[in-house]
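Here's a quick tour of some side-chain contacts and strand pairing. Have the viewer open and follow along.

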Amino acid sequence: MKNLVLEGVKLLEAEEGRNFTIEYFITKKASRETDQTIYGVAVMKKEGLNAEMESVDNITYNYDEIKKISEGLRKFDVTPMGLVEATDMLVTAIICG
């Protein structure tokens, strides 16, 4: 089972003038194969009574790398809709670069 750790919250304004909240999480899950913790990211958008969430799990075993990825998501105001593409770009830049 994965755990969610809240990393940050942003209040943003939609084009129609409505406000919504974006919450950024680091996901943590114990890996059965390696006996280590494996990290991912998740983003939740809340607007009124509606909530939308997306996650990308099993990115890295390195906590420092996942912190940098989470910071990048917050810096660029990534929403659930753009999470997969943004995570791919950040992983390429931070882990592979």
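## The aromatic pair

This is a predicted model, and a search of the whole structure turns up 1 aromatic pair. The partners are Tyr-39 and Tyr-63, sitting edge-to-face with 5.4 Å centre to centre and 65° between the planes. That label applies because planes over 60 degrees apart count as edge-to-face.

The contact links distant parts of the chain: Tyr-39 belongs to strand β3 (residues 37–47), Tyr-63 to helix α1 (residues 63–75), and they are 24 residues apart. As for accessibility, Tyr-39 is buried at 12% relative accessibility, while Tyr-63 is partly exposed at 37%.

## The β1–β2 hairpin

Now for the strands. β1 (residues 3–13) and β2 (residues 19–30) pair in the antiparallel sense, with 10 bridges between them. If you want a spot to check the register, Asn-3 stands opposite Lys-28 in β2.

The hairpin has 5 residues between its strands, and Gly-17 takes a positive phi near 90° there.

## Salt bridges across the chain

How many salt bridges are there? The count comes to 6. One of them joins Lys-10 and Asp-77, whose closest N and O atoms are 2.4 Å apart. It links distant parts of the chain, with Lys-10 in strand β1 and Asp-77 in the loop between α1 and α2 (83–96), 67 residues apart. Lys-10 is partly exposed at 27% relative accessibility, and Asp-77 is partly exposed too, with a relative accessible area of 30%.

Another salt bridge brings together the side chains of Lys-46 and Glu-23, at 3.1 Å from N to O. Here the link runs from strand β3, home of Lys-46, to strand β2, where Glu-23 sits, and the two are 23 residues apart. Lys-46 is partly exposed at 35% relative accessibility, whereas Glu-23 counts as buried at 14%.

## Around Lys-45

Lys-45 is worth a click. Its side chain meets that of Glu-47 in a salt bridge, 4.0 Å from N to O. Lys-45 is partly exposed at 21% relative accessibility, and Glu-47 is buried with a relative accessible area of 18%. The two land in separate classes because buried means under 20%. Which residues does the wider network join? Salt bridges that share partners tie Arg-18, Lys-45 and Glu-47 into one network.

Lys-45 also has an aromatic contact: it lies over the face of Phe-20, 4.7 Å from the ring centre.

Conventions
Residues numbered from 1 in each chain as written. Predicted model: local features only at pLDDT ≥ 70, side-chain atom pairs only at ≥ 80, totals over all residues. Heavy atoms only, no water. Phe/Tyr/Trp six-rings, centres within 6.5 Å; stacked < 30°, edge-to-face > 60°. Helix = DSSP H or I, 4+ residues; strand = E, 2+ residues; numbered from the N terminus. Buried < 20%, exposed > 50% of the residue type's maximum accessible area, 1.4 Å probe, protein only. Lys NZ or Arg CZ within 6 Å of the ring centre and 35° of its normal. Pairing = 2+ DSSP bridges.
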